[in-house]
Amino acid sequence: MAGNKTMKSLMMWSIVVLLSAQGLMGQSKDESFARAERLRNQSGARWDAGEFLVAAKELREADSIYQRLGAAYVGQRLKTLRALIFHESSAGEIESVLASVDTLAKLVAKDKDKAGELQWAFTSAVVQILNRKIPYDKALKVMEHCRSAFKKNRLGRLEALSWHHQGGLEGDNQHWDDMESAFRTAIGLRKNFQDKQDLAWSYNSLASYLIEAGRLDSAMVPFENAESLMSEGVLEHEAAMALNLESLIKSFEELEKVTRQQVSWLWDLAERRAAHERPRVIPVDFLLRSAAELAVRNKRNVTSAVRRLTRVTLDGAPEEVRTDLQLRAARLASDHGKGKLALTILKKAKSNGGLCAPLTQARISLEKSLALIAIKDKKKLPSELKTTRSLYQGLKSRGLEEDALKVLVAAFSRWPESPLAAQTKSAYDALRRNGIPGGDGASASVQRPSKEVTDLSAHEAVFRIYASDDGKIILEDIFSGAKTKMRTTWKPKKQALNGCSVEFFGGYIRVIDMNYGRTSRAAGTPSPGTMTLDLFKNYVPIPKGGGIEVTKSGATRFFRD
């Protein structure tokens, strides 16, 4: 009986194959190709509709047709299998994904120039699998199976890619040792292939997970390796590196005790960057400030850290950046009771005119007042304090004025017997009772690009920000010529143009998002009316006699008229 059932099954299968073959034979080659193309091209609409399994069935049929049409249609097969893997992984059909990867790997092995199709398919499958939160053991099975197929077919770059993605999988599941091992294996393979772009990607990803794991000293090493590659012109991952660097600095700041090695590493990185003028996602002076602030946690390092901050080489930076660092150094000195050192530094500080001048003048006066409080100078302080109050009131920014008074009140806590201490506290309390208006953050000009500019390098300048002759701020698209114009106020304002989203605060800017050639993102939530430069963080001054260029990667650099 069993034999009869088997025979019947074989006969039925033969009939199905025969009928299928007759169906194809009944069509011309052109008709068969047209059907396969139609099935493949409609997979996009299927995906949009969430019809992953229907699309997968149609793509399998399309692949079968291309296969029968002959070797001349391998290119179509590669694209079809790539789409098939995408839909199978979207549907969670793990076993089908593995079978399709095997088929695609065999095809690519015959023409390794087509490996990009397999890389795209594998990466898409991994992303879809992780997005669907498929259990760890099943996701790991995909990684290991694909790696086996890549190795069997001598696709070494893809083998390295599979180790990279496994590192991400292990990291997402907080398997820190396995994560580190997987990424280091990927790094070793990519070194052999001299694959600098992907090598930088692996270094950066490893650093990111090590930061998440709290292994900060270990994270510094791969970050340094990625930094070295970036100095060689490997720039595609600079924005991701900037996020990692911000996370690493924040983690240092949250430590109860930062080590000498960590402070030294950040100083060295900041000074190396400062010595070479090139676009940066994170402004160099932000790194310098962060290094100095970490260094003075050890009170024995205050004088050396302050002097180091004022003597650093700043290649290509305008006077506004130098002055800002001098003001930061003076604050560190005053906060640690070294008022005379602060006053010495402030002798060299100047406002230089331009859009930043009103706030710079106010800040210089504030730092002088703080230094005079630190040395308890009864003679000069009343006059300087009056100047400070007047300059901050002139900015018409209640947030900046409140912040200045708050800092002065904190400084007077070390000299409470001064009659000016009570006066300053009363002024601060009165200002807070009156409340502070919100920012202008919801305001934005959003335009679609007039045309999409392609083939731009990561450091190609695409926007310019500068002051007009009448003192307004101009945000200009270099390629399309589109521009926006706004008045300078000391309230934060977000502006978006042709894929570039920027926040302005008086004469300072920071890039929020860059997606050039696409519709700009919405301006987002309003900024607080209490905005200060400390809250603004990664700010860049609009210099007098020049401006700021924003690159395709979102990095900034200064230019001169």
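How many helices and strands are there in the protein chain? Show the whole chain as a cartoon and you'll find 23 helices and nine strands. Keep in mind that you're looking at a predicted model.

**The whole chain**

Before zooming in, colour the residues by burial. Of the 561 residues in the protein chain, buried ones make up 50%. Now think about contacts between residues with a separation of 6 or more: 64% of them join residues 24 or more positions apart.

**Stop 1: a four-stranded sheet**

Select 493–497, 500–505, 508–514 and 540–541. You now have an open sheet of four strands, in the order E4-E5-E6-E7, with antiparallel pairing. Its edge strands are E4 (493–497) and E7 (540–541), and each of these pairs on one side only. What holds such strands side by side? Strands of a sheet pair through backbone hydrogen bonds, either parallel or antiparallel.

Walk across the sheet from E4. Five bridges join E4 to E5, and the two run antiparallel. Click on Gln-495 and look across to its bridge partner in E5, Val-502. The hairpin of E4 and E5 has two residues between the strands, and Asn-498 takes a positive phi near 50 degrees there.

Next come E5 and E6, an antiparallel pair with six bridges. Find Ser-501, and opposite it in E6 you'll see Asp-513. This hairpin also has two residues between its strands, and here Gly-506 takes a positive phi near 60 degrees.

Finish at the far edge. Strand E6 (residues 508–514) pairs with E7 over two bridges, again in the antiparallel sense. Put labels on Tyr-508 and Pro-541, because Pro-541 is the bridge partner of Tyr-508 in E7.

**Stop 2: a closer look at E5**

Keep E5 (residues 500–505) selected and turn on its side chains. How many of its six residues are buried? Six of the six are, leaving the strand mostly covered. In a regular strand the side chains alternate between the two faces of the sheet. You can follow that here: Cys-500, Val-502 and Phe-504 point one way, while Ser-501, Glu-503 and Phe-505 point the other way. Both sets are buried.

**Stop 3: Val-101 in helix H6**

Jump to residues 94–110, which form helix H6, and pick out Val-101. Is Val-101 buried or exposed? With a relative accessible area of 1%, Val-101 falls under the 20% cut-off, so it counts as buried. Show its surroundings too: beyond residues up to four places away in sequence, Val-101 touches Ile-85, Cys-146 and Phe-150. Then try a distance from Val-101 to Ala-121, which is 20 residues away in sequence; their C-alpha atoms are 8.2 Å apart.

**Stop 4: Glu-159 in helix H9**

Select residues 156–172 for helix H9, where Glu-159 sits. Glu-159 is buried yet has no salt bridge. Which side chain of opposite charge is nearest? That's Lys-151, 4.3 Å away. A salt bridge needs the charged atoms within 4 Å, so this pair doesn't make the cut. Leaving aside neighbours within four places in sequence, Glu-159 is in contact with Arg-147, Phe-150, Lys-151 and Leu-189.

**Stop 5: the largest pocket**

Last, switch on a surface and head for the largest pocket, with a volume of about 650 Å³. Its lining has 25 residues, and Glu-293, Arg-328, Arg-331, Leu-533 and Asp-534 lie nearest the centre. To see which elements give two or more residues to the lining, colour helices H15 (284–295), H17 (319–335), H19 (357–374), H21 (398–412) and H23 (533–536).

Key
Residues numbered from 1 in each chain as written. Predicted model: local features only at pLDDT ≥ 70, side-chain atom pairs only at ≥ 80, totals over all residues. Heavy atoms only, no water. Buried < 20%, exposed > 50% of the residue type's maximum accessible area, 1.4 Å probe, protein only. Contact = heavy atoms within 4.5 Å. Lys, Arg positive; Asp, Glu negative; His and termini not counted. 1 Å grid on protein atoms, 1.4 Å probe; cavity = no way out; pocket = protein on both sides within 12 Å on 5 of 7 lines; lining within 4 Å. Points joined across faces, edges and corners; volume = space filled by probe spheres on them.
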